[in-house]
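Please take a moment to look over the sequence and the 3D structure shown here, and keep both in view as you read. The paragraphs after them go step by step, from the whole chain to single elements and residues.

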Amino acid sequence: MKRGELAVKLERWEPLAPCAACFLLTAVLCGAQLFGGYAPFALGLVAAAGSGKRGLAALLGGVAGALVFLDFSHALRTLAVAVLLYTANNAFCETRWYRSRRFLPVMTALMYLAVELVYLLQAGADRAALCLLSIALAVLAAVCARAVLEGKTMNEEQRQAALLVVVTGVLMAASALRLENGFAPGRILAMLLVMLLAYDRSAGTALAAALGIGLAMDLTAQPGSFLHAAVYGFGALSMGRERRGRRVGAALLWCVPLLLLSLPLDAEQGLILLYEGLCATLLFLVLPNRLFGGKRLAVEKPEADTAETEEAERSTARRRLSATALALRELYDSLMRTPKAEDENPAMIFDRAAERVCRGCSLRTICWERDYAKTYNALNDATPALLTQGRGRGGDFPSYFTDRCIRFPSFLSAVNSELSAFLLRRQYRGRLADTRAQAAGQYAQLSELLSGAAETLEAQPTAAETLLTYRVGAALRPKEGENVSGDSVTHFETEDGRLCLLLSDGMGCGEEARRESALAVRLLERFLRAGVETSGALKTLNSALTLRAEVSESFTTIDLLTLSLRDGAAEVYKYGAAPSYVKRGARVRRITGSCLPAGLQSADTRPETTGFTLEKGSFFVMLSDGVADVNDDGWLMALLEKFQGDDPQTLASAILAAGRERRGGDDDCAVLALYRDKDGGAVEV
């Protein structure tokens, strides 16, 4: 089988991997029995897996695990809870309740309690307490499993803690399997995990994890005993005393509380504990060095190297803070340079009222043609009183006007109606101006804060990094008859090893469109170079352009590609942009988006994202709608399929020429093409 065919087959089976993992993990966690038959960790995973294929896989895993590990009575109860959890996830998956953080723990507790309530009424108080404790553990397992499966609402430390809870459940299931001499492989692995945490993490983190894992082992080994919790806790404290990163010394310190606490035990139990501890210690000593982080590095790196690393990190932080502050300051300046909207002329009140009332009046020619000056003066004299009072009265107008107007009551009513609408529009514009000023002030304040933070750090050059090679080609041409193009393109590399391709199409053509698209490109480049997260940078830019569009009445499209120069992972972000295309050999894939352009899109809407991997020898092409759009790109797909070269500039020029020929140059045109080299050579940045 060829390598390409194998990759295609593996890619076809890749979506089933999470389902298989949920099935196996749920089945294994059924072996983690507590209090005589409860399996809270398995039920927590069924709840966290949600609806759809993954949830069904977890449910089937729970069925298999319950039939293998649990007795008939507890197996039925466990399966009943699992079915209710899966049903509830499917019933509420399309509702706003499902997206709430409280839904998962509340749903898990209610479904579990719905099945166990009958048994609780028949059991004693002690049994009821154990059942309620198992429900609490199921809720904890559900929250942690959801964090491991999705990892969107927690930071890195919280996800690691959640993963530790899931791993502890697996170790509990493994500890239930015992050899003939009484040894439990799960407890050996649990000891090894505690030693790794105690050696590599802070004392507080290691102690908390050791006590939790030890209590879990006690629950499966001998409920009511705290032997393993004590051994693991004192062992973690002892290993934390070794500050110089020597594994042998740390292992010896681990053995001290192990020996002391095993002496008071009976011979069989003490020997089992010692043998399990000895096995875990030997595994700890034979593990490869690359698995250990902080303490090993502290031994191998002299203090000078550590100081240089810290200086480099401070330098990177300072540059990013300064660049972000500069981008926010430029954003503030652009908002302040935007011209203010002109106030509406109050004369429009009378013009619109006259359109409604005076059009069919027999005196219309007298009032608005022969005696226009008198009518103008009468309305002009009444304007200050109307604006001050917010409502017109008959006495506000001169008597010569009111005596002559045969439809004055109707005219006054129409004036008051238009006056109310005028004042509401004025109030809206005032509030909008206040909001714009507040937003601009926040940008300025944040810029000052970041600048102050950056001044406290010293700048030092960072080390070069080896990255993959690529080539970029660009082609632009303005609309026929225009001197400048309203499209703007750029590409650049960020400090975290990403290549960014950016294309923006301003509304209309000519200098005004170029100014808007260039501003969007420049601001977004500053944010990304500063290390701002891509979605956050796009949302901030969209919010700023929305405020700017209230006055300028303009908008821009944004088409952004971010490519990791380490592994080729790419993401495409679109705000109202034309389709993009990925070409690999003769195969072409179209990438589209449905978001409105920046400045029209809602400020709280996340940009559309499409992820893929840009393989070696592949092209990525982005373009403006002056070249092609989703309704007329068949010719472009055919051109990309037939193109045989590897020069992105040649491809960009060919696409631009073909697009101009088809459309006759009726709009600005821009093409940006990227090619990832086949040899994967390295460049220094």
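What follows begins with the chain as a whole and then turns to a helix, a group of strands and one serine.

The model you are looking at is predicted, and its chain holds 24 helices and 12 strands. Of the 685 residues in the chain, 44% count as buried. The surface that the chain exposes comes to about 34900 Å², and carbon and sulfur atoms supply 57% of that area. If we consider the contacts in the chain with a separation of 6 or more, residues that stand 24 or more positions apart account for 71% of them.

We can now turn to helix α9, which covers residues 185-200. At 1.5 Å a residue, the 16 residues of this helix should span 22 Å, and because the C-alpha atoms at its ends are 23 Å apart, the model agrees with that expectation. How enclosed is α9 by the rest of the structure? Since 12 of its 16 residues are buried, α9 is largely enclosed by the rest of the structure. Among the buried residues of α9 are G186, R187 and I188 towards the beginning of the list, and L197, A198 and Y199 towards its end.

A strand offers another case, and β10, made of residues 618-623, is mostly covered, with six of its six residues buried. Here S618, F620 and M622 point one way from the strand, while F619, V621 and L623 point the other way, and all of these are buried. In a regular strand the side chains alternate between the two faces of the sheet.

Which strands pair with β10? One partner is β7 (residues 580-584), which pairs with β10 in the antiparallel sense over five bridges, and within this pairing R584 has S618 of β10 as its bridge partner. The strand β11 (residues 669-676) also pairs with β10 in the antiparallel sense over five bridges, and there F619 stands opposite Y675 of β11.

Finally, let us look at a single residue, S564, which lies in strand β5 (residues 556-564). Is S564 buried or exposed? Its relative accessible area is 17%, and because buried means under 20%, S564 counts as buried. When its neighbours within four places in sequence are left aside, S564 is in contact with L468, G497 and A569.

Terms used
Residues numbered from 1 in each chain as written. Predicted model: local features only at pLDDT ≥ 70, side-chain atom pairs only at ≥ 80, totals over all residues. Heavy atoms only, no water. Helix = DSSP H or I, 4+ residues; strand = E, 2+ residues; numbered from the N terminus. Expected span 1.5 Å × (residues − 1). Buried < 20%, exposed > 50% of the residue type's maximum accessible area, 1.4 Å probe, protein only. Pairing = 2+ DSSP bridges. Contact = heavy atoms within 4.5 Å. Areas by Shrake-Rupley, 256 points an atom, 1.4 Å probe, with all protein chains shown as cover.
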